[in-house]
Amino acid sequence: MMRIEEKMSRLMCQTGACSLVLGILSLIAGLVLGVLGIVNGSRLLKHHSDMV
């Protein structure tokens with residue numbers, strides 16, 4: 001049977017790992033969305049004279 005300290009230690013380790021993974025995924029998603037926004041904005045500016 002596990003002691004309460006061992007359970008808390010395991011839970012804190014799992015929570016830390018999960019937070020780290022979520023942080024990395026959020027960072028990647030933010031970078032991807034930022035790059036897509038810049039690319040789409042530059043394409044709109046490039047073709048602006050064709051629309052007007």
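This short presentation describes the shape, surface and side-chain contacts of one chain.

Good morning. The model is predicted; local features require pLDDT of at least 70, side-chain atom pairs count only at pLDDT 80 or more, and totals for chains, interfaces and linings use all residues. Residues are numbered from 1 along each chain as its sequence is written, and side-chain values use heavy atoms, with hydrogens and water left out.

I begin with the overall form. The chain has 2 helices and 0 strands; here helices (H or I, at least four residues) and strands (E, at least two) are DSSP runs, numbered from the N terminus. Along the principal axes, the C-alpha atoms fill a box of roughly 75 × 10 × 10 Å. The radius of gyration is 22 Å, whereas a compact globule of 52 residues would have a value near 10 Å. That radius is taken over C-alpha atoms, and the globule rule is 2.2 Å times the number of residues to the power 0.38.

Two distances illustrate the geometry. Gly-23 lies in helix α1, and its C-alpha is 20 Å from that of Arg-10, the two being 13 residues apart in sequence. Gly-34 is also found in helix α1; between Gly-34 and Gln-14 there are 30 Å, C-alpha to C-alpha, at a sequence separation of 20 residues.

What share of the 52 residues is buried? The figure is 0%, where buried means under 20% relative accessible area, exposed over 50%, and partly exposed in between (1.4 Å probe, protein chains only). The two glycines just named are partly exposed, Gly-23 at 39% and Gly-34 at 35%.

I turn to the surface. The chain exposes about 5,000 Å², of which carbon and sulfur atoms supply 73%; accessible areas come from the Shrake-Rupley method with a 1.4 Å probe, and for residues only the protein chains shown count as cover. Leu-20, Ile-24, Ile-28, Val-32, Leu-33 and Leu-36 form a nonpolar surface patch with about 580 Å² of accessible area together. Patches are made of residues with over 30% relative accessible area and no salt bridge, joining like charges within 9 Å and nonpolar side chains (Val, Leu, Ile, Met, Phe, Trp, Tyr) within 5 Å. One member, Leu-33, lies in helix α1, which spans residues 4-46. Leu-33 counts as exposed because its relative accessibility is 59%.

Next, the charged side chains. The count comes to 1 salt bridge, defined as a side-chain nitrogen of Lys or Arg within 4 Å of a carboxyl oxygen of Asp or Glu. Which residue pairs with Glu-5? The partner is Arg-3, and the closest N and O atoms are 3.4 Å apart. Glu-5 is partly exposed at 47%, while Arg-3 counts as exposed at 53%.

Finally, the cysteines. How many disulfides does the structure hold? There are 0, a disulfide being a pair of cysteine sulfur atoms within 2.5 Å. Why is Cys-13 unbonded to Cys-18? The sulfur of Cys-18 is the closest cysteine sulfur to that of Cys-13, yet it is 12 Å away and therefore too far for a bond. Cys-13 counts as exposed, at 57% relative accessibility, whereas Cys-18 is partly exposed, at 44%.
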